[in-house]
Amino acid sequence: MDGELAALAASGATTLVSLMVTDSWTHARELVARFLARTGADTAAIAGLDNARTRLLTTDAAMDEQAVTAVRAQCQVHLRELVEAESIPSSELRILLASLQRLAATAAARGGTVHNDINGGVQYGPVIQSGRITGLTFHAPPPHAPTRGEGGA
């Protein structure tokens, strides 16, 4: 079990750190917070994750392998200690890990560069960029009705 536990903690830490530098962090943080709440862990653990994320984002440490390795090691030790102290069963760590990995896979699938071109002349109004829009209906403005003194009899 010790080898399996080490592998689970390592995989969980790696996935968690990779999510820290994505837009999916808020969701990952919520998953981890619920997980830690079940273990009776204090809120300092979440604050520690937030601090680690801030370090990765503000110092451009995401590109600094040494910083990433340090944060990953910190997360790995914490996860392993929770299971070893029997605060949580390893099966719950597996469930958390599976959820984080699905979230990471979703974040990776969304990644990429978006490039938009507007063709067909000059646009004099707003241009809206969006993912998917459904059920949209455009209504033509009513025809201009002449006012008094305009045109006609």
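A residue is buried when its relative accessible area is under 20%, exposed when over 50%, and partly exposed in between. Keep that scale in mind for this tour. The model on screen is a predicted one.

**Stop 1: His27**

Select His27. This residue sits in helix H2. Is His27 buried, partly exposed or exposed? Its relative accessibility is 42%, so His27 counts as partly exposed. Now add Leu103 to the selection. His27 and Leu103 are 76 residues apart along the chain, yet their C-alpha atoms are separated by 8.2 Å.

**Stop 2: the whole chain**

Zoom out and color by secondary structure. You should find five helices and zero strands. Starting from the N terminus, the order of elements is α-α-α-α-α. The chain has 153 residues, and 25% of them are buried. Switch on the surface. About 10700 Å² is exposed, with 55% of it supplied by carbon and sulfur atoms. Contacts across the sequence are worth a look too. Take the contacts with a separation of 6 or more: residues 24 or more positions apart account for 73% of them.

**Stop 3: H1 against H2**

Two packed helices are described by the angle between their axes and the distance between the axes. Try that on a pair. Select H1, residues 2-20, and H2, residues 25-39. The axes of H1 and H2 come within 8 Å and cross at roughly 140°. That angle makes H1 oblique to H2. The crossing of these two helices is left-handed. Show side chains where they meet. H1 brings Leu16, Leu19 and Met20 to the contact, while H2 brings Trp25, Ala28 and Val32.

**Stop 4: H1 against H3**

Keep H1 and add H3, residues 44-58. Here the axes lie 9 Å apart, and the packing angle is about 55°. H1 is therefore oblique to H3. Which hand does the crossing of H1 and H3 have? It is right-handed. On the H1 side, the contact uses Leu16, Val17 and Met20. On the H3 side, look for Leu49, Ala52, Arg53, Leu56 and Leu57.

**Stop 5: H2 against H4**

Now hide H1 and H3. Show H2 with H4. Their axes come within 11 Å and cross at roughly 35°. H2 passes H4 in a left-handed crossing. Phe35, Leu36 and Thr39 of H2 make the contact with His78, Leu79 and Leu82 of H4.

Stay on Leu82. It is found in H4, which covers residues 65-84. Leu82 counts as buried because its relative accessibility is 9%, and the cut-off for buried is under 20%. Turn to Thr39 next. Leu82 and Thr39 are 43 residues apart in sequence, but 7.7 Å apart in space, C-alpha to C-alpha.

**Stop 6: the core**

In soluble globular proteins, nonpolar side chains tend to be buried together. Look for this inside the bundle of side chains. The largest nonpolar core has 31 residues. Which members touch the most others? They are Met20, Val32, Phe35, Leu49, Cys75, Leu93 and Leu100. H1, H2, H3, H4 and H5 (90-110) each give two or more residues to this core. H1 gives the most, with eight residues.

**Last stop: Val32**

Select Val32, which you met in the contact of H1 and H2. Leave out residues up to four places away in sequence. Val32 then touches Leu16, Ile46, Leu49, Leu96 and Leu100. Leu49 and Leu100 also appear in the list of core members that touch the most others.

Definitions and conventions
Residues numbered from 1 in each chain as written. Predicted model: local features only at pLDDT ≥ 70, side-chain atom pairs only at ≥ 80, totals over all residues. Heavy atoms only, no water. Helix = DSSP H or I, 4+ residues; strand = E, 2+ residues; numbered from the N terminus. Buried < 20%, exposed > 50% of the residue type's maximum accessible area, 1.4 Å probe, protein only. Core = buried A, V, L, I, M, F, W, Y, C linked by side-chain atoms within 4.5 Å. Contact = heavy atoms within 4.5 Å. Areas by Shrake-Rupley, 256 points an atom, 1.4 Å probe, with all protein chains shown as cover. Axes fitted to C-alpha atoms, helices over the stretch in contact; angles between N-to-C directions. Parallel < 35°, antiparallel > 145°, perpendicular 65-115°, else oblique. Left-handed = near helix turned anticlockwise from the far one by under 90°.
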